[in-house]
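Biologist: Could we go through this model together? I should like to begin with the overall picture and then turn to the contacts between chains.

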Amino acid sequence: MMVSRSAKPVVLYLTRELYVTFFLLIGVSLVVFAVLYSAPGDPLAAVFGGQVLSDAQREEMMRNLGISNTWYGQYWSWLVKLFNGDFGTSLRSGQPVLGEVTKLAKNTFYLTFGAMFFSLMIALPIAIYLAKRGTDRLGWVLMMFAYTTSAVPLFWSAYIVIYIYTRFFNTLPIGLATGESMNFTQMMLPVFMLGLGSGIISETVRFLRDEISRVFSEDYVRTARAKGVSVWKHALTEALIIPVSEMIASKIPFVIGGAIIVEQIFNWPGIGRMAWQAAQDRDYPVIMCITLVTALIVRLTSLLQKTLYVIVNPRASQETKTS
Amino acid sequence: MTQYAQTQTTVSEYSELSILQRTDKRDIAYVVYGIVILLMVVCAYLMAIFGWLPHDPEEMQLELMLAGPGAPGHLLGTDFMGRDTLPRLILVIKAYFVPGLMYIAVAILLGGIFGILSGYYGNKYETVVTYITNIIDSFPRLILMLLVVAAFKPDIYYIMMVLGVTNAPLVSQLIKGKISMLRQKNFVESAIALGIPDARIIFKHILWFNCRSYLIIQATLGMGEAILLESALSYLGFGVQEPTPSWGNMVQQGANYLLQGQLWSSTIPAMAIMFTVLGFYLLGDGLNNMLEGKRQS
């Protein structure tokens with residue numbers, strides 16, 4: 001790519017990232033289309049009450065309904081519909097899918113990012129402790145704790161927590177979907193369980209530990225230490241902000257996946273529970289929409305992370321890599 | 001002469017001891033624990049195949065429902081229909097084994113192809129591979145699995161296929177890093193200079209001689225994840241289907257009785273999941289520290 005001298009490299013870098021995100025979303029839509037296209041079953045026959053159609057009849061009908069013969073024709077018309085905000089109607093409720101999904105996406109958003117925050121609150125202190133002290137006795141216990149949280153099946157630990165909660169408070173911490181009033185603890189319980197059980201803590205601990213100890217052995221940190229100034233002030237960006245934002249961007253899909261289970265157990269009205277219901281009913285417009293929306297969220301988080309990265313580390317915009 | 005012999009012994013002693021000296025005692029403990037779990041899994045598979053079960057897994061004893069461990073005749077208790085838990089736990093391995101292997105094969109094959117293309121051939125394919133892996137990484141796995149389940153049918157082979165594909169980017173990234181590092185080494189350059197075909201350099205000299213422990217580590221780490229995801233899907237009702245037992249649907253059935261205070265019938269399979277997954281994680285990590293020498297603390 002020709003780099004013009006007038007534009008700032010940061011702006012150019014971000015423009016390129018926007019392009020990349022756009023093409024990735026096109027690719028994502030292609031994958032979703034490919035899955036749905038190759039699914040068994042004949043939608044045309046379903047429209048006409050399940051009768052077997054001859055080739056001539058099929059051709060005739062496709063021309064009448066304005067459906068393209070080729071896969072790329074169908075893909076193109078599907079894509080144009082998506083851009084106009086038409087994600088189809090739910091087979092179950094008959095409502096437009098996109099409206100329902102965006103209505104519930106807010107709840108999942110709270111759940112997912114709250115859980116991410118909790119995970120980091122648990123993982124960060126452990127990682128810093130391990131980076132500074134190595135695996136001594138307490139460090140080993142913390143490390144094993146991090147491993148165990150990733151190995152316990154989330155759906156079981158959530159049930160156990162509900163059980164304990166009911167024993168102490170005599171109420172169920174579930175029922176946001178049915179519109180019951182819930183206090184703060186009841187609202188926080190699913191968020192906390194997802195944060196603990198989505199399985200990202202152990203990997204976060206390992207990654208942050210390695211990054212922090214790598215940065216702390218660099219020359220500039222040693223110089224800062226020798227001068228007697230605060231080490232964290234100098235190493236904050238490289239040892240903490242960049243790895244943490246990287247971790248958030250790369251682990252968000254896992255937390256969204258865990259949200260399906262937590263929403264199911266705690267009766268939390270979000271798109272995870274909706275996806276489960278849709279898969280149960282084989283309501284594929286709904287699940288297609290949810291897949292696209294979550295992929296969009298993942299890509300946007302990644303874009304945000306890259307923006308943050310290039311802001312705190314302007315050198316990155318000079319790198320001429322081809323991704 | 002004697003001096004020479006002495007140096008020989010010290011060197012050989014050193015090289016014999018070095019791998020154990022270099023690694024933490026804890027890593028060795030992890031590996032031992034992981035190998036014990038692995039052996040238990042293999043034993044359970046053999047027992048399930050040949051039918052050497054300690055109890056009939058289908059026999060129902062309605063007077064002994066939801067019994068805790070240590071109930072008469074039932075070492076690990078019974079489920080909600082009074083079926084013995086232990087043989088059902090063992091039977092599950094049979095349902096997991098082949099799909100699990102398929103998952104590993106898909107992940108390593110696909111990830112290997114991507115890794116070789118971007119690591120060995122460099123710029124020519126790197127953009128394409130990064131593009132494809134980024135697309136795969138955009139999907140939350142569980143949602144992609146639900147999409148596939150809704151479009152096709154709930155089947156463990158489909159699920160493991162999706163899991164293999166979604167794990168390929170990670171494997172590809174690791175292999176790519178390793179290959180592009182080895183690519184700079186003299187032995188690869190001399191192999192190229194000798195006119196050895198690329199395929200032989202990649203498969204024999206790079207992958208087989210230098211990456212095989214790495215691939216095994218990846219496979220073990222991935223196995224733990226596969227068990228967790230499969231049990232999550234079974235819990236949601238899309239994994240292994242009834243009446244075939246799976247750890248996920250055993251926990252789920254037990255959990256229906258959990259709020260009545262019947263803890264055991266879901267806790268036992270959950271513990272089975274936990275110890276097995278922990279075993280695979282620790283084995284992978286311990287091997288990684290042992291063979292790759294990641295940690296020099």
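Modeller: The following exchange deals with chain A and then with its interface with chain B. Please keep in mind that this is a predicted model.

Biologist: How many helices and strands are there in chain A?

Modeller: Chain A has 13 helices and zero strands. Its C-alpha atoms fill a box of roughly 85 × 70 × 30 Å along the principal axes.

Biologist: And what percentage of its residues count as buried?

Modeller: Of the 323 residues in chain A, 46% count as buried. The accessible surface of the chain is about 16,900 Å², and carbon and sulfur atoms account for 63% of that surface.

Biologist: Now the interface. How many residues are in contact?

Modeller: On chain B, 48 residues are in contact with 55 residues of chain A. The two chains bury about 4,700 Å² between them, with 74% of this on carbon and sulfur atoms.

Biologist: Which residues of chain B lose the most area to chain A?

Modeller: They are B:Ile143, B:Leu147 and B:Tyr235, which together make up 13% of what that side buries.

Biologist: How many salt bridges does the rule find across the interface?

Modeller: The rule finds one salt bridge between chain B and chain A. The side chains of A:Arg206 and B:Asp285 meet in a salt bridge at 2.8 Å, N to O. Ten residue pairs, both at pLDDT 80 or more, are in polar contact between the chains.

Biologist: Which helix of chain B supplies the largest share of that side?

Modeller: H10(B) does, with eleven residues. The side of chain B that touches chain A divides into 32 nonpolar, nine polar and seven charged residues.

Definitions and conventions:
Residues are numbered from 1 along each chain as its sequence is written. Chains are lettered from A and ligands numbered from 1 in the order in which they are written. Side-chain values use heavy atoms; hydrogens and water are left out. Contact means heavy atoms within 4.5 Å. Buried area is the accessible area (1.4 Å probe) that two parts lose on being put together, summed over both. A salt bridge is a side-chain nitrogen of Lys or Arg within 4 Å of a carboxyl oxygen of Asp or Glu. A polar contact is a pair of N or O atoms within 3.5 Å; within protein, one must be able to donate a hydrogen and the other to accept it, and residues adjacent in sequence count only if both atoms are side-chain atoms. Helices (H or I, at least four residues) and strands (E, at least two) are DSSP runs, numbered from the N terminus. Ala, Val, Leu, Ile, Met, Phe, Trp, Tyr, Cys and Pro count as nonpolar, Asp, Glu, Lys and Arg as charged, and the others, Gly among them, as polar. Buried means under 20% relative accessible area, exposed over 50%, partly exposed in between (1.4 Å probe, protein chains only). Accessible areas come from the Shrake-Rupley method with a 1.4 Å probe; for residues, only the protein chains shown count as cover.
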